[in-house]
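Here are some worked exercises for you to try with the coordinates open in your viewer. Have a go at each task before reading its solution.

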Amino acid sequence: MNNKQKCMLDTIRQEAKFTASYTGREAFDERVMQAMQAVDREEFVSKDYIDLAFENGPLPIGHGQTISQPFIVALMTDLVDITTESVVLEIGTGSGYQAAVLSRLVRQVFTIERIPQLAESARQRLKALGYENIEVRSGSGYHGWKEKAPFDAIVVTAAATHIPQSLVDQLKPGARMVIPLGLPYMYQELMLVTKSKNGAIHTESVLGVSFVPLVMADDEAPINPHSNQSR
Ligand code: SAH
């Protein structure tokens, strides 16, 4: 582990303490921290941002999208309480970083990305790095991945305006989903959705966050806050 990576892990530990009164978690599972250590974030950012790869912030990955902040990746991974037998669905593959972290802790990760170029580059990157338990699909994840459902956990890495019913339906009893909820580029809350053994749904707000938008309709273009064009 190099110095910058050690700094990144220390920052995650500190931020977990700072936010514990909201998240209820003083520290993340050591297995989650080990997965964060094992996945080299440098491999998931472009050369232009390589110096910032271990900073605790999001970075551009092209197409107006970002690789999430390491602390948030660790938090989301920790919140879904996965085991080595879990099968996990991620919506919003982006660079493939969150999928790589999850894949070190579970049996299988299925991940969906709506921008074909990002899906393809993540697929190639993950293959080159030797990840064999991640399947990347290009398309909208708003309706989940019915053929592979149900899942032990669902991690949505883009902000939705509501919780898609299809995703709730694809959770196993006892499973968990994390999903940022709120208006695009404005205040959002990271929600933890739990399906109890008898199928009842419980939702709780965990922390204020900021994610790129989840495109909710199949034909919808992502909202660009810097564009003057009306849609
Ligand atoms: N998890 C990523 C970060 C993703 S940023 C990482 O670790 O790098 C959010 C991603 O969600 C973007 O790439 C965006 O294109 C994608 N996205 C937005 N709406 C989507 C949808 N409906 N289905 C699938 N992917 C979507």
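**Exercise 1. Overall form**

Task: decide whether the radius of gyration of this predicted model agrees with that of a compact globule.

Solution. Start from the chain length: with 231 residues, a compact globule would have a radius of gyration near 17 Å. Next, take the value for the chain, which is 16 Å. The two agree. For a second view, the C-alpha atoms fill a box of roughly 45 × 45 × 35 Å along the principal axes.

**Exercise 2. Make-up, burial and contacts**

Task: find how many helices and strands the chain has, and what percentage of its residues count as buried.

Solution. Begin with the secondary structure: the chain holds 7 helices and 9 strands. Then turn to burial, where the cut-off is under 20% relative accessible area. By that criterion, 50% of the 231 residues are buried. The accessible surface adds up to about 11,300 Å², and carbon and sulfur atoms account for 49% of that surface. Finally, consider contacts between residues at least 6 apart in sequence: 54% of these join residues at least 24 apart.

**Exercise 3. The largest pocket**

Task: describe the largest pocket by its volume, its lining residues and the elements that supply them.

Solution. First, the volume is about 570 Å³. Second, 41 residues form the lining, and Thr66, Thr157, Ala158, Phe211 and Val212 lie nearest the centre. Third, the elements giving two or more residues to this lining are β2 (65-67), α4 (70-79), β3 (87-91), α5 (97-103), β4 (108-113) and β9 (201-209). Last, sort the lining by chemistry: 20 residues are nonpolar, 17 are polar and 4 are charged.

**Exercise 4. Helix α4 and what follows**

Task: work out how many residues of α4 are buried, then examine the backbone of aspartate 81.

Solution. Go through the helix residue by residue: Pro70, Phe71, Ile72, Val73, Ala74, Leu75, Met76, Thr77, Asp78 and Leu79 are buried. That makes 10 of 10, so the helix is mostly covered. After α4 comes aspartate 81, with a positive phi near 50 degrees. Aspartate 81 sits in the loop between α4 and β3. With a relative accessible area of 44%, aspartate 81 is partly exposed.

Now take the end of the helix and look across the sequence. Leucine 79 and glycine 24 are 55 residues apart along the chain, while their C-alpha atoms are 9.9 Å apart in space. Glycine 24 belongs to the loop between α2 (20-23) and α3 (30-38). Its relative accessibility is 65%, so glycine 24 counts as exposed.

**Exercise 5. Two backbone details**

Task: locate histidine 63 and proline 150, and state what stands out in the backbone at histidine 63 and at the bond joining alanine 149 and proline 150.

Solution. Histidine 63 is in the loop between β1 (59-62) and β2. Although histidine 63 is not a glycine, its phi is positive, at about 60 degrees. Histidine 63 counts as partly exposed because its relative accessibility is 44%.

Moving on, proline 150 is placed in the loop between β5 (134-138) and β6 (151-156). The peptide bond between alanine 149 and proline 150 is cis, with omega about 0 degrees.

**Exercise 6. Two strand residues and their surroundings**

Task: for lysine 172 and threonine 111, give the strand, the exposure and the contacts beyond four places in sequence.

Solution. Lysine 172 lies in β7 (171-182). Its relative accessible area of 28% makes lysine 172 partly exposed. Beyond its sequence neighbours, lysine 172 touches Pro150, Phe151, Asp152 and Lys195. Lysine 195 is 23 residues away in sequence, with 7.3 Å between the C-alpha atoms of the pair.

Threonine 111 lies in β4. At 0% relative accessible area, threonine 111 is buried. Its contacts, again leaving out neighbours within four places, are Glu90, Thr93, Ala99, Ile134, Glu135, Val136, Arg137 and Trp145. To finish, check a pair that is apart in sequence: threonine 111 and serine 210 are 99 residues apart along the chain, and 21 Å separates their C-alpha atoms.

Technical notes
Residues are numbered from 1 along each chain as its sequence is written. This is a predicted model: local features need pLDDT of at least 70, side-chain atom pairs count only at pLDDT 80 or more; totals for chains, interfaces and linings use all residues. Side-chain values use heavy atoms; hydrogens and water are left out. On a 1 Å grid over the protein atoms alone, a cavity is a set of points where a 1.4 Å probe fits but cannot get out, and a pocket is an open set with protein on both sides within 12 Å along at least five of seven lines; lining residues have an atom within 4 Å of a point. Grid points are joined across faces, edges and corners, and a volume is the space filled by probe spheres set on the points. Helices (H or I, at least four residues) and strands (E, at least two) are DSSP runs, numbered from the N terminus. Ala, Val, Leu, Ile, Met, Phe, Trp, Tyr, Cys and Pro count as nonpolar, Asp, Glu, Lys and Arg as charged, and the others, Gly among them, as polar. The radius of gyration is taken over C-alpha atoms; the globule rule is 2.2 Å times the number of residues to the power 0.38. Buried means under 20% relative accessible area, exposed over 50%, partly exposed in between (1.4 Å probe, protein chains only). Contact means heavy atoms within 4.5 Å. Accessible areas come from the Shrake-Rupley method with a 1.4 Å probe; for residues, only the protein chains shown count as cover.
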